[in-house]
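I opened my notebook for a fresh look at this protein. These are my entries, in the order I made them.

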Amino acid sequence: MAKRLAITIAGAVSLGSYEAGVLFEVLDALHQHNTNSATTAEQRVEIDVLTGASAGGMTAIILGQKLLYNAGEFAGAYDNPVYNTWVKRISLAGLQNTQPDEPALHSLFSSDLIEQISKEVLMTRYATPPPLPPVRHAAAAETMRLGVALTNLNGVDYGYPVQPDPNGKFIYIRHEDSMTRIADSTACDTAAFWEPLRQAAVACGAFPVAFRPRDVQRSAHQEPRDYPPAHLEPWASDPQTFTYSDGGILQNQPLGIAKNLVDLADQHQQQESRFYLFVSPHAKDAQANDNFHERNADYAHLAMRLIGVVMGQSGFQDWIMAEGVNAKIALLDERAVGLKDAMLAGSMDQAALAATADSLLTLLFPGGQHLSPGASAAETLDQARQRIAQQYATEIVALAAVPGRAEAFRDAVLAFETAAGLGARDTMTIYGVTANDSELAGAGLSAFLGFFDQSFRDHDYDVGRSHARAMLTNPGLAAPGALGPLRYDTTLNPIRPIDHRLDGLKMRDVPPADLAAFKKGVKNRVNQMLRESIGGWEVLAGPAADALLGMVLDRVITTL
């Protein structure tokens, strides 16, 4: 069986160019490895899960479709779907070229441009039916599970019982949302399948203020169902339209979505061949702020800090939780080996252990089932016993000589696992490709700076490629139980020389022509906002107002 890789792509704004570089290099390495005649079926590495937030969400959907149906588009390092989208196609000029149908009070930049790019990349395949015969990438599994993080501005109501009143309940409104789909390499090659995912990808990247929120229809009862029925309050209609903003607001690195999709695919089995790749341009930078105090907590500073708190709190929670679970599972494994050794040595009363475990499982599996923390469906006692028997097959074989001994061990370990709140959770082997703001050209201005010039995005794309290459060639990747070793020749697709003068670029370092274009576009948009909100703004506007706005922008530029 091939090794399986789930990829999570973080929110990045203009640093989608960095993530594009990382992902091209990963795809190139896996293509080389999987098509090498020396690579066995067990050594192959196939991508079967892709999740993302914000810019990473759009990239995940683009990759999912292209890997399943348009493998040939990834032949060139500097001419492929992710490079063309995040380096060549998107730009500050295009973002500031807002259209008449885009009210200035709804967005600072052009949401129409994002719509147009998404349609070009994802829906051109279906413009003239039937689509060309699908060509699957060597790195792609036959079935791909896709997911994007969303922030539901309306919220979804869930009702939870209040004791002791049998009719009482409290309503919990959930704004953290997602859209997930299973894409087959043949059956899902239709516009009807990909259009909802395209809409979700655009909504996933609707960064507040910069882009307008996006409406998407969702269903609770019609297939494919978007929400599990447990505790879901009744809807007035189904499907229902919800309005979404950037998924990175509440879950900027949706590793948890990837794990849920993995569980559906793997059923918690063969975890030794399951791996995760986490791609983020921000993971190495400290975000704590020691300069915010009561004396400078005016409205402006407080608003900016609150934005930082919300965005910061949404980052890396899933990764941190996964590392905590890994530590608990490692301890459980250690205890299981100790229990096995004690039973083999005869220092453990088998009958007493079996009776105790049976009593605990009756308590922990009321009605014969248990819902693990974070799981979407309950696991029956029989399913849990089968899973434990497979996960601890080595220990169970060692105990099988004495009747009932292996079963007592199995039930005791299951009781330990359930009582520890681990349930059906698994060890997650996570590789990361991250960056530091000081290495990137587009990290400034809350990661919007890369839109100013293609040279900035080219720089960050190549930095992404170099970071991915360092991970892919790291000796640790060839260790026993690791993803590799990979048969991967780095000379086949060379990386262009990186201009390190662009490392850690600040607003004040941007070429004057780019700054002038930015200021002109912002002035035009602000004037549009004022015209929409103040009918007589043309009377008030003039050289003085223009000069004042110019001074404000200059102050922003010199401080960022």
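**Entry 1: an unusual phi.** In which loop is the place of Val209? I looked it up in this predicted model, and Val209 sits in the loop between helix 6 (191-204) and strand 5. I checked the backbone there and read a phi near 75 degrees for Val209, a positive value in a residue other than glycine. I noted beside it that most residues other than glycine have a negative phi. Is Val209 buried or exposed? Val209 counts as exposed because its relative accessibility is 63%, and the cut-off for exposed is over 50%.

**Entry 2: another positive phi.** I then went to His231, whose phi is near 70 degrees, again a positive value in a residue other than glycine. I found His231 in the loop between strand 5 and strand 6. With a relative accessibility of 40%, His231 counts as partly exposed.

**Entry 3: cis peptide bonds.** While in that loop I also looked at Pro224, which lies between strand 5 (214-218) and strand 6 (240-245). The bond joining Glu223 and Pro224 is a cis peptide bond, with omega about -5 degrees. I found a cis peptide bond between Pro129 and Pro130 too, with omega about -5 degrees. Pro130 belongs to the loop between helix 5 and strand 3 (140-161). My reminder to self: most peptide bonds are trans.

**Entry 4: the overall picture.** I stepped back and counted elements: the protein has 18 helices and 10 strands. Of its 560 residues, 48% are buried. I also asked how contacts are spread along the sequence. Taking contacts between residues at least 6 apart in sequence, I get 77% that join residues at least 24 apart.

**Entry 5: the cores.** Which residues touch the most other members of the largest nonpolar core? My lookup gave Ile47 and Trp194, in a core of 105 residues. I listed the partners of Ile47, leaving out residues up to four places away in sequence. They are Leu5, Ile7, Leu27, Leu30, Leu67, Ala139, Ala140, Ala141 and Met144. Apart from the largest core lies another one, of 22 residues, and its members include Ala357, Tyr392, Ala408 and Phe409.

**Entry 6: helix 2 against helix 5.** I like to begin a helix pair with its geometry, since two packed helices are described by the angle between their axes and the distance between the axes. The axes of helix 2 (residues 55-69) and helix 5 (residues 111-123) come within 10 Å and cross at roughly 20 degrees. That angle makes helix 2 roughly parallel to helix 5. The crossing is right-handed. From helix 2, I wrote down Met58, Ile61, Ile62, Gln65 and Lys66, which meet Ile114, Ser118, Val121 and Leu122 of helix 5.

**Entry 7: helix 5 against helix 6.** Helix 5 has a further pairing, with helix 6: their axes come within 10 Å and cross at roughly 150 degrees. This crossing is right-handed as well. On the helix 5 side, the contact is made by Ile114, Glu115, Ser118, Lys119, Leu122 and Met123. On the helix 6 side, I noted Ala191, Trp194, Glu195, Arg198 and Val202. Trp194 had already come up in my core entry, as a residue touching the most other members along with Ile47.

**Entry 8: the buried side of helix 11.** Which residues are buried in helix 11 (residues 381-391)? I found Leu381, Ala384, Arg385, Arg387 and Ile388. They lie on the same side of helix 11, because they cover an arc of only 160 degrees around the axis. What do they pack against? My list has helix 10 (350-364), strand 8 (369-370), strand 9 (379-380), helix 12 (393-399) and helix 13 (405-419).

I zoomed in on Ile388, which is buried with a relative accessible area of 0%. Leaving aside neighbours within four places in sequence, Ile388 is in contact with Ile396, Arg410, Val413, Leu414 and Glu417. I also took a distance: the C-alpha atoms of Ile388 and Asp411 are separated by 8.4 Å, with their positions 23 residues apart along the chain.

**Entry 9: a last stop at Asn260.** I placed Asn260 in helix 7 (residues 255-266). Asn260 counts as partly exposed, at 39% relative accessibility. From Asn260 to Thr180 is 10.0 Å, C-alpha to C-alpha, and the two are 80 residues apart in sequence.

Terms used
Residues are numbered from 1 along each chain as its sequence is written. This is a predicted model: local features need pLDDT of at least 70, side-chain atom pairs count only at pLDDT 80 or more; totals for chains, interfaces and linings use all residues. Side-chain values use heavy atoms; hydrogens and water are left out. A nonpolar core is a set of buried Ala, Val, Leu, Ile, Met, Phe, Trp, Tyr and Cys residues joined through side-chain atoms within 4.5 Å. Buried means under 20% relative accessible area, exposed over 50%, partly exposed in between (1.4 Å probe, protein chains only). Contact means heavy atoms within 4.5 Å. Helices (H or I, at least four residues) and strands (E, at least two) are DSSP runs, numbered from the N terminus. The arc is that of the directions from the helix axis to the C-beta atoms. Axes are lines fitted to C-alpha atoms, for helices over the stretch in contact, and angles run from 0 to 180 degrees between N-to-C directions. Angles under 35 degrees count as roughly parallel, over 145 as roughly antiparallel, 65 to 115 as roughly perpendicular and the rest as oblique. A crossing is left-handed if the near helix is turned anticlockwise from the far one by less than a right angle, and right-handed if clockwise.
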